Structures are given as structure tokens and as C-alpha cells.
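Please open the structure in your viewer and keep the selection panel at hand. This tour proposes one selection after another and says what is to be found at each stop.

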Amino acid sequence: MAAPMELYCWKGDYGLPSVDVDCLTVLAYAKFAGAPLKVHKITNPWRSPTGTLPALKTSEEGSLSQPSKIIIQLRKQKYNADYDLSAKEGADTLAFVSLLEEKLLPALIYTQWVDAKNYVDVTRRWYAEHTPFPLNFLLPNRIHSRQIERLRLIRGDAILEPEEQLEKELYQDALECMTLLSQRLGSHKFFFGDSPSSLDAYVFGHLAPLLKIKLPNAKLQQHLNSLENLQQFCTNILLLYFPSDSREAPSRKSAVHSDGSDFDNEPHKRRNQILSVLFAVAAMLGYAFLSGIVTIQSSRSQLDERRHDDEDEVEEAEEE
Amino acid sequence: MSLAAEAFVSQIAAAEPWPENAMLYQPLREDQILLSDCASSLAVQAYLRMLGLPVRVHCRANAEYMSPSGKVPFIHVGNQVVSELGPIVQFTRAKGHSLSDGLDDVQRAEMKAYMELVNNMLLTAELYIQWCDENTAAEITRPRYSSPYSWPLNHILAYQKQWEVRRKMNAIGWAGKSLEQVYEDVSQCCQALSQRLGTQPFFFNKQPTELDALVFGHLFTILTTRLTTDELSEKVKSYSNLLSFCRRIEQTYFESQDRDSQSGASDYSKGPSLM
Amino acid sequence: MGMVHARSMDPVPMHGRDLGVHPDDLEVVEAQQETKKEVLENKDIVVQHVSIEGLGRTKEDYLGYEIADVFNAKNLIDVMKKSHEARMKLLRLGIFKEVQVLIDISEGDDALPNGLDVTFEVAEMKRVTGSYNTMVGNNEGSMVLGVKLPNMFGRGEKLTFQFSYGTKETSYGLSFFKPQPGYYERNLALNLYKVTGQFPWSSLKETDRGVSTELNFPLWMTDHTLKWEGVWRELSCLARSASFAVREESGHTLKSALSHTMTIDTRNSAILPRKGALLRINQELAGYTGGDTSFLKEDFELQLNKPFLWGSVLSASLWGGMIFPIGGQPVSIADRFYLGGPTSVRGFGMYCIGPQSEGDYLGGDAYWAGGLHLYTPLPFRTTRGGFADLFRTHFFLNAGNLCNLNYGEGPHAHLQKLAECIRWSYGAGIILRLGNIARLELNYCIPMGVQSGDRICDGVQFGAGIRFL
């Protein structure tokens with residue numbers, strides 16, 4: 001038996017096994033296919049073998065990073081969740097995955113990374129709090145610019161249009177996509193029959209963050225909440241396949257609620273304010289001393305000066 | 001335009017009927033147009049023919065820059081300019097013409113999903129082969145793309161576009177793929193389409209939809225465009241039901257309509273026919 | 001050392017350290033000699049040495065021409081006048097911060113009794129100077145960085161670089177200037193630039209990246225400029241609601257053009273001249289040196305000024321131009337002429353006269369514009385030369401026309417077309433002069449002869465600019 005493969009993922013939170021869309025997809029597929037993976041939940045992408053997350057480390061093939069490649073690799077190792085699908089269902093899988101990536105993913109990127117309030121209040125804060133020092137200063141901004149670039153290139157725009165119009169277009173596509181998924185799912189438990197397949201993994205990976213991560217600007221979430229079968233679908237998968245993570249969620253949430261979101265920041269906020277004021281005062285004083293605006297003279301040095309003055313006077317008198 | 005103004009304008013658009021002088025703009029057919037643009041343009045033309053809406057095709061060297069979204073083709077109807085198949089479908093639906101009204105919800109979901117499959121895999125593969133494969137780029141794509149411009153602008157624009165496309169491939173994760181893998185993806189996509197089509201004349205029921213127009217546009221162009229190798233068209237040819245699908249649509253909507261119209265005013269851009 | 005006192009009958013100013021007498025030269029006068037002052041007005045002298053001190057990187061042979069004339073001075077007044085002129089010439093080279101003149105009696109073995117030494121003490125400009133500005137405009141801000149290298153290789157070469165980084169766009173310009181040693185007016189300039197412009201009257205946005213070389217030389221009374229320019233122009237629509245005619249012009253073009261300009265300028269000032277005339281004729285031929293646009297463009301500018309009664313000035317000006325496409329291709333919107341606005345035919349919106357499509361002005365192939373002005377100083381002025389001197393009131397009459405031509409017909413038909421549908425306007429206003437470069441105007445205009453499609457600016461109109469009709 002070959003050494004078990006290792007999967008590196010972003011850490012989980014909010015009741016999810018991972019906060020990243022691609023990681024969720026891969027984790028879900030692994031559970032569906034019953035692949036024995038050693039999962040490393042990390043917050044430092046530089047620690048992963050390929051530099052990005054998710055990453056699958058195998059003994060023979062090296063490391064792979066994209067979800068589609070990872071799933072293909074797992075399939076090659078005979079962990080295939082699509083074994084029972086007919087050819088037509090396989091074709092449908094391809095089609096719906098394309099639909100997700102073209103219509104839903106841009107809106108997800110927008111709502112988490114481009115929308116100003118969401119980004120600052122939730123996304124950036126989560127990444128800044130969970131990545132180790134000193135990366136927490138660099139990483140969120142880097143991911144931010146990379147995601148914006150990705151969004152721009154996917155849409156093929158030279159410049160991102162004014163926010164409101166862009167948001168409207170993206171959300172319209174995403175809402176339609178979710179409605180279509182809901183219509184396709186109907187009242188079934190999974191998309192194709194009673195056992196989950198890779199399409200279920202992709203849909204779960206894209207919808208679960210939307211469901212669980214509470215964002216201030218939540219238009220997409222509201223629409224998702226109105227589609228009951230999709231909501232049921234996600235919670236179902238969480239309960240069945242990720243029971244430990246979903247159990248953690250309530251306790252964390254209640255902790256946050258009891259403290260209040262502000263209080264969590266308050267000690268930091270106050271501390272930061274005091275530190276910055278002290279720093280500014282110290283800088284001003286330092287400058288004042290160094291440039292001679294303020295000088296402290298001890299009495300001893302005054303005596304020395306007077307002696308020097310007397311000597312100078314004597315010299316001048318001699319000259320004349 | 002503000003959102004309210006846009007809604008207002010689309011209401012006006014809905015009120016006016018389709019005029020006789022609608023025009024479709026695309027790059028120059030003989031020297032300039034590329035595989036991906038030709039496929040998109042043919043898809044829109046097929047869609048409009050299926051709806052029975054007349055449109056004249058105009059070739060302009062700067063069609064790509066004239067388009068409001070930067071993508072060809074675009075149509076100029078009345079005083080509205082709409083580009084790309086998706087918005088054009090919505091535009092014609094606002095005027096009361098639609099091909100997919102007869103579908104139920106599940107079928108409509110599938111249709112949209114398969115259209116995205118074609119955009120996601122076939123169109124991206126076409127772009128990859130054109131711009132990221134150095135042989136094709138040097139022999140075919142760059143000379144064609146830069147043909148209307150004089151030195152040194154032709155080189156600057158061609159390389160600029162190539163760089164842009166390569167960055168996009170990077171962003172969506174296709175940069176690491178080899179040419180073989182891309183052909184493999186095309187094959188997978190054709191297999192999925194072939195599966196879905198089965199033995200039916202069109203993808204849904206007996207009536208064509210926008211999915212048929214889109215698939216026809218891409219497959220027909222792939223089959224009739226000569227590249228550095230024949231591998232791409234061979235991948236498509238290996239699915240006989242797709243081949244007969246293309247032939248059927250060509251015969252129904254392109255040849256017969258041309259025979260009917262005496263003046264030959266509907267002048268569509270098609271290279272060699274499928275035999 | 002003797003004393004150098006001179007009483008001059010010349011209007012050449014004698015005060016300050018600028019000219020002539022250098023304070024260090026004056027020694028403490030002893031009591032006995034105070035009674036006798038030698039008046040050196042018309043004493044013959046010979047200039048023996050002229051030297052320049054304080055040169056660092058400037059090459060001496062470059063300056064030789066500017067100071068050569070001082071040797072020809074015959075008497076002290078002449079020396080002072082010629083040294084003053086030489087100092088002006090040195091300053092206009094643009095390589096010195098400061099020039100001081102020292103006139104002294106010559107010393108040394110070969111000193112003649114009436115010999116003089118003239119020394120120019122110069123302070124060179126620093127090797128590199130930089131500037132940093134921030135500008136804020138309509139919904140955008142930008143940061144402008146400038147670097148200047150005056151006198152790079154010692155013979156007056158100047159390299160300037162300016163970079164502007166804004167919220168909406170960036171632009172830059174690199175310029176190299178080389179004058180001919182001895183003839184500063186004959187010079188060569190090389191430019192490399194990227195400029196972006198937005199033209200809301202046509203809903204057009206233009207980005208130009210170009211390279212140009214320019215040769216300036218005077219010929220008898222006229223100044224000539226020969227220029228070759230290669231520009232990559234990128235046009236795009238400014239808004240989604242741009243008209244289709246403008247949308248059709250979007251894209252990239254390459255223009256490679258040779259142009260020649262002849263200027264005769266006898267005015268006493270470029271802004272608010274009192275007398276003199278200006279004639280400027282410009283022609284541009286594009287297409288024969290590459291590129292994909294070809295046309296021949298001619299335009300001229302004529303201005304006559306004459307002082308009138310009671311300190312007022314009467315001024316008449318005429319502008320005109322025509323463009324001929326070569327080779328059957330239509331002329332691009334970026335090359336056509338535009339008319340109207342506070343700097344040309346007042347009373348109409350900026351460039352809002354002439355052919356238009358859905359509210360976007362497309363410009364025209366030929367135009368003419370004329371203006372008649374009466375400039376008067378502000379009434380009830382009490383002090384001369386004060387702040388009120390910067391203001392003028394003016395009464396104006398402007399007229400003009402812009403149209404497209406039917407190239408098949410002859411010149412008679414063109415003139416006829418230009419003569420029909422003339423737009424004109426009249427009014428009065430106040431002008432403020434800004435330095436010697438620009439002026440601000442506030443006018444009350446009454447436009448007449450308005451054709452359908454023109455946009456007028458009836459009533460009060462404000463204008464700022466460099467070149468006014």
C-alpha cells in the first residue's frame with residue numbers, strides 16, 4: 001500500500017472544514033470517494049509543497065495544486081466518486097462545473113474580496129488573525145490583489161467598471177446560477193441519485209462558504225437562504241461528512257456573540273491608539289532635541305563656557 | 001449609464017420591433033479574423049438566423065475596439081449596441097423573440113450549463129491554441145491579428161494581445177497545461193456534447209435553441225479552419241453525431257436562406273463549406 | 001586701483017548688482033581725492049581681456065560667441081552696454097543661475113593705460129534639479145514629478161523628464177534640447193511622450209504615445225520649425241452612450257507626419273500686445289514616412305494690433321485651416337479641426353460648432369474664424385503700473401464657420417461652403433493677464449447665426465488659456 005497522500009488545506013472556521021472554496025471542494029470529494037488522506041490544516045501557504053493551497057502531496061507524482069488536477073489524481077488512485085455515473089451524467093457534471101466557475105465564482109470573489117465592507121470587516125480580519133506573524137501583514141493584501149487581478153482577467157475588462165454596475169452584473173449571474181442549480185437539484189438528496197459525486201463536491205465547495213460565513217453585505221446569502229433545497233443540501237453534507245467541524249461551529253459562534261464583535265477588538269484598539277500617540281510624542285521630542293530647538297544645559301557646562309569666553313576676549317584685546 | 005437609465009433604455013428597446021437595417025460587426029474576414037472570434041461571430045449569426053431576424057454582416061478592422069465590451073461580434077440595432085451571445089440573447093428576448101421558451105426549468109438549467117461548458121472549455125482551448133502555442137501564434141495568429149496595421153504598430157498590438165491572453169490563462173489555471181492536455185480537454189468537451197446530443201436532431205426537443213447556435217458556431221469553425229496541424233478538427237470529427245449536427249444546421253439555416261434571398265444581401269462570413 | 005565712477009547719459013540702468021559697477025571695486029576714497037572725480041564718459045578705452053569665472057562643466061568654446069562682442073567696445077559707455085547685452089545672452093542660454101559683470105582696469109605686464117578687463121562671474125545651475133507637484137482636478141488627482149538636467153555635456157544641452165501619475169491615467173514626457181553653439185535660436189529638440197486626453201464634447205478619449213524631432217531656425221525676419229512626428233494614437237469612447245460615429249473611430253492608428261511652421265512675430269508681448277503683428281503658417285504632411293493615415297493639413301493664424309485712442313488697442317485676428325485626405329481614406333476624428341468655445345468663437349460651447357452626431361461633435365475638414373477686439377484699460381484707474389494694469393476690458397466681435405468639404409468639387413465650391421451658415425457673436429468682458437503666458441476672460445456673449453446642432457453658451461462665459469481668437 002502506497003504511503004497515504006497528504007493534503008494541505010486552509011484552516012477551517014465558521015463550522016466549515018476549510019474557509020477556501022477550492023479546499024472545500026477537494027476535502028468534500030475526498031470524503032465522498034473515501035480516500036484516506038492525511039489532512040494538514042495550515043494557515044501559511046508557503047508551508048505547502050507547491051506554495052498554494054490546496055495542495056496534494058503524493059509519493060510518486062510530486063505535488064499538485066489545482067482542484068481539478070487533485071481530483072483527477074485521486075481518481076487515478078481508484079478513489080472515484082463518479083464511478084456510478086452514466087455517460088450523460090458525466091457530461092452534465094462537466095457542464096455544471098463550468099456553470100459554477102463562470103457564473104458563481106466571480107461573484108464569490110467579488111463579495112469576499114472586492115466589496116469594501118466585506119473585505120475589511122470579515123475576510124481581511126480573518127486572514128490577518130489566523131496567519132502567523134509576520135505574514136499577517138503581507139498575506140491578506142497579496143491575496144487581495146491576486147484575487148482582484150483574477151476577477152479582472154476572467155471578465156476580460158481593461159479596467160473594472162464602477163462598482164455598482166459591476167456588482168449588479170455579477171450578482172445577477174450568480175443568483176441565476178444558484179436558481180438553476182436549485183432547479184436541477186429538485187428534491188433529490190444529491191445531484192445524481194443517492195450517493196454524492198464530484199459535482200456535489202464542487203457545488204458544496206462553492207455554496208458552503210456563502211452559507212456559513214456571515215458577511216455584512218449579504219445579498220448573495222439572502223438569495224441562497226431562499227433556496228431551501230440548496231441550503232438543506234449543504235447542511236446535509238456538513239452533518240454527514242464533516243460532523244466534527246460543524247459541532248465546533250455553535251460554540252465558536254456563541255463565544256463571539258457573548259463577547260460582542262467590538263469587544264474583541266477593543267483592547268487592541270485602545271492599545272494601538274496609546275502606542276501610536278506615544279510614538280508620535282517620542283518622535284517629536286527626539287526631533288526637537290536633535291535639531292537643537294530644545295537644549296538642556298547642566299550648570300557645570302555653563303561654567304566651562306564662561307571660562308572660554310573670557311579667554312577669547314583676552315585674545316582679541318591682544319590682537320589690537 | 002446609471003441602472004435606472006439602463007432599465008429605461010431596455011424598456012424602449014423592448015418596445016421597438018427588430019429593424020431591417022440591423023448590422024453585425026466583426027473583424028476582416030479574409031485576413032484578420034481569428035478562430036475564436038470567427039466562432040463567436042458564427043454562433044451569433046446562426047442564432048439570429050434561427051430566429052428569422054435579418055442582419056447584415058460588416059467587417060471592420062477595428063471591430064474589437066468598437067465593441068463596448070471589447071469582444072466581437074457586436075450588433076448595432078436601432079441605436080443600441082450589444083456584444084456577445086449572452087447579452088444578445090437577452091436583448092432579443094426583450095424584443096419578444098426567443099428560442100428557449102418551450103423548455104422547462106430543468107432543461108433550461110442544463111442548457112445554460114452546457115453553454116458555459118462550451119465557453120469554459122472550447123473557447124478557452126481555442127484561445128490557448130491560438131495564443132499560447134508558439135507555433136500557431138507565430139505562423140498564424142500574430143500575422144493575422146496585426147495585418148491591418150503598419151509597422152511598428154502591428155508588432156506592438158500583437159504582442160500586447162498575446163501577453164494579455166497569457167495572463168488570463170495564468171489566472172484561470174490553464175498556463176500549466178501542455179498542448180496535449182488542451183486537446184484532451186477539447187475531446188472531453190466534445191464527448192460531453194456528443195453524449196448530450198445523442199441521436200436527436202437538436203439538443204432539446206426538435207427545436208433549436210441558443211445552445212445549438214453556440215455549439216454550431218464553434219464546431220463548424222474548428223472543422224473548417226486550417227491551423228498548423230489538423231489535430232483539433234480531428235478531435236471533433238471523431239464524433240459523428242456532432243459532424244452531422246453541424247451539416248444539418250448549415251444546410252437548414254445557411255444554404256437554404258441564401259438560395260432564397262435573391263439579392264444575396266445576407267452575407268455571412270463562412271470559409272470553405274463542410275462538403 | 002583707481003576709482004570707477006561714471007555718470008551715464010544712457011538710459012542703461014546703473015543701479016543694483018546686475019550691471020556695470022561692482023560694489024567691491026569701489027575702494028575707500030581718501031579725503032584728498034574726494035574733490036576730483038574723473039568723468040570717464042567719453043574717454044577712449046580698449047578692452048583687453050574678457051574672461052568668465054565660475055565655470056564648472058560648461059565648455060568655454062561654447063560661450064565664446066556670446067561674449068565676443070564686448071571686445072568691440074570703444075568707450076566706457078559702450079563697454080557697459082555691450083557687457084549688459086552679453087550678460088543677457090548668457091542668461092538666455094538657460095544654463096546659469098546668475099551672471100555678474102566686473103569691469104576693472106587691466107593689470108599685468110601687457111596692460112595698456114586705457115585698457116579694461118571685463119570679467120563675467122557666473123554661477124552654474126546644479127547638475128540635476130527636480131520638482132514635485134500634486135494636482136487635483138475633476139474627480140482625479142495626480143502627482144507630477146519633474147527632473148531637469150540643464151547643460152548636460154557642457155554645451156547647453158538640456159534633458160527634461162516629467163512624469164505624471166494620476167488616479168485615472170499616467171503620462172510622461174522626455175525631452176532633449178541642443179542649441180547650436182553661437183546661435184541659440186537654431187536648435188534641435190527630441191521628444192518622447194505619452195499623453196492622455198479626454199474630450200467630452202466628442203465623448204472621446206485619446207492616448208498618444210509618440211516620438212518627435214524638431215529643428216528650429218530663424219531665417220531673416222521669420223522663425224521656422226521643421227518637425228517630424230510619429231504617434232501611436234489610441235482612441236476609445238468615453239462613455240457607453242457615445243454616438244456610433246465616434247464608436248466607429250475607436251481603435252489604434254499610427255501617424256507619421258512631417259510639418260513645417262513659419263512664424264513672424266513683431267508684437268511687443270504675446271498676451272495683450274499693444275502693437276505689432278503675428279503671422280503663423282503651418283503645414284503638415286502625413287503618410288509618406290510610414291504610418292497608416294495620410295493627409296495634407298494647412299492652417300494659418302494672423303493677428304494685427306494697433307494702439308487706438310486713450311490707451312486702448314484695436315486688434316483683428318483671423319484663423320483658418322483645411323485638411324485634404326490622400327489616398328481615399330477618410331480623415332480620423334483626431335486630425336480634424338474644431339471650433340467654438342471661450343478661446344475661439346465666444347458664445348458657443350467648447351468645440352461645439354459644426355458637424356455632430358447624437359450630441360457628439362465630430363470636427364470638420366475646413367474652418368475659418370475671425371475676431372475684432374477693442375481692449376481698453378480699466379476705467380477709473382488711479383495708479384499706473386499697479387494691480388489694475390493686469391486687467392483689461394474688451395469688446396469683441398467673433399465669427400467663424402466649420403464644415404466638411406466635398407473633395408470632388410473645386411476650390412470655389414469649398415469657399416462657398418465656408419461662407420454659408422456663418423456663426424458669429426459679440427459681447428464684452430474683462431481680461432486678466434497671468435504673467436506673460438496666459439490670460440483669463442470673463443465675457444458676456446450674445447451668439448448669433450446659430451445652426452441646428454451647435455451648443456451655445458449664452459450670457460456669461462469664462463475662459464482661460466494661452467491662445468485666444
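Domain bounds, as the term is used on this tour, come from an automatic or database domain assignment. For chain B, that assignment gives domain 1, residues 3-94, and domain 2, residues 105-261. Before going further, keep in mind that everything on the screen belongs to a predicted model.

**First stop: chain B as a whole**

Select chain B and show it as a cartoon, where the secondary structure comes to eleven helices and four strands. Of the 275 residues in this chain, 53% are buried. If you then display contacts between residues at least 6 apart in the sequence of chain B, 75% of them join residues at least 24 apart.

**Second stop: the two domains of chain B**

Now colour domain 1 and domain 2 of chain B separately; their C-alpha centres lie 19 Å apart. Where the two domains meet, 24 residues of domain 1 of chain B are in contact with 34 residues of domain 2 of chain B. Together the two domains of chain B bury about 2,400 Å², with carbon and sulfur atoms giving 64% of that area. Which three residues supply the most of the area that domain 1 of chain B buries against domain 2 of chain B? They are B:Leu35, B:Arg49 and B:Met50, which supply 31% of it, more than any other three residues.

Switch on side chains to look at the polar side of this boundary, where two salt bridges are counted between domain 1 and domain 2 of chain B. A salt bridge to select is the pair B:Glu64 and B:Lys161, whose closest N and O atoms are 3.1 Å apart. Across the interface of domain 1 and domain 2 of chain B, ten residue pairs are found in polar contact, both residues being at pLDDT 80 or more. Turning to secondary structure, the elements that give two or more residues to the side of domain 1 of chain B that touches domain 2 of chain B are α2 (35-51), α3 (63-66) and α4 (85-94) of chain B. Among these, α2(B) gives the most, with twelve residues. Coloured by class, the side of domain 1 of chain B that touches domain 2 of chain B shows 14 nonpolar, four polar and six charged residues.

**Third stop: chain A against chain B**

Next, bring chain A into view beside chain B, and select the contact between them, which takes 27 residues from chain A and 26 residues from chain B. The area buried between chain A and chain B is about 2,500 Å², and 57% of it comes from carbon and sulfur atoms. To find the three residues that supply more than any other three to the area that chain A buries against chain B, select A:Leu94, A:Leu153 and A:Gln183, which supply 21% of it.

How many salt bridges are there between chain A and chain B? The count is five, and a pair that can be selected by name is A:Lys88 with B:Glu110, where the closest N and O atoms are 3.8 Å apart. Between chain A and chain B there are also five residue pairs in polar contact, with both residues at pLDDT 80 or more. Along chain A, the helices α3 (87-114), α5 (135-155) and α6 (163-185) each supply at least two residues of the side that touches chain B, and the largest share, twelve residues, comes from α3(A). By class, the side of chain A that touches chain B divides into nine nonpolar, five polar and 13 charged residues.

**Fourth stop: chain C against chain B**

Move on to chain C, whose contact with chain B takes 13 residues from chain C and 18 residues from chain B. Chain C and chain B bury about 1,400 Å² between them, 62% of it on carbon and sulfur atoms. One salt bridge is counted between chain C and chain B; select C:Glu248 and B:Arg60 to see it, with the closest N and O atoms 2.7 Å apart. In chain C, α3 (244-247) and β11 (251-265) each supply at least two residues of the side that touches chain B, and β11(C) gives the most, with four residues.

**Last stop: C:Gln198**

Finally, centre the view on C:Gln198, which lies in strand β8 (residues 183-199) of chain C. Is C:Gln198 buried or partly exposed? C:Gln198 counts as partly exposed because its relative accessibility is 32%, between the bounds of 20% and 50%. Leaving aside neighbours within four places in sequence, C:Gln198 is in contact with residues including C:Lys168, C:Glu169 and C:Leu238.

Conventions:
Residues are numbered from 1 along each chain as its sequence is written. Chains are lettered from A and ligands numbered from 1 in the order in which they are written. This is a predicted model: local features need pLDDT of at least 70, side-chain atom pairs count only at pLDDT 80 or more; totals for chains, interfaces and linings use all residues. Side-chain values use heavy atoms; hydrogens and water are left out. Contact means heavy atoms within 4.5 Å. Buried area is the accessible area (1.4 Å probe) that two parts lose on being put together, summed over both. A salt bridge is a side-chain nitrogen of Lys or Arg within 4 Å of a carboxyl oxygen of Asp or Glu. A polar contact is a pair of N or O atoms within 3.5 Å; within protein, one must be able to donate a hydrogen and the other to accept it, and residues adjacent in sequence count only if both atoms are side-chain atoms. Ala, Val, Leu, Ile, Met, Phe, Trp, Tyr, Cys and Pro count as nonpolar, Asp, Glu, Lys and Arg as charged, and the others, Gly among them, as polar. Buried means under 20% relative accessible area, exposed over 50%, partly exposed in between (1.4 Å probe, protein chains only).
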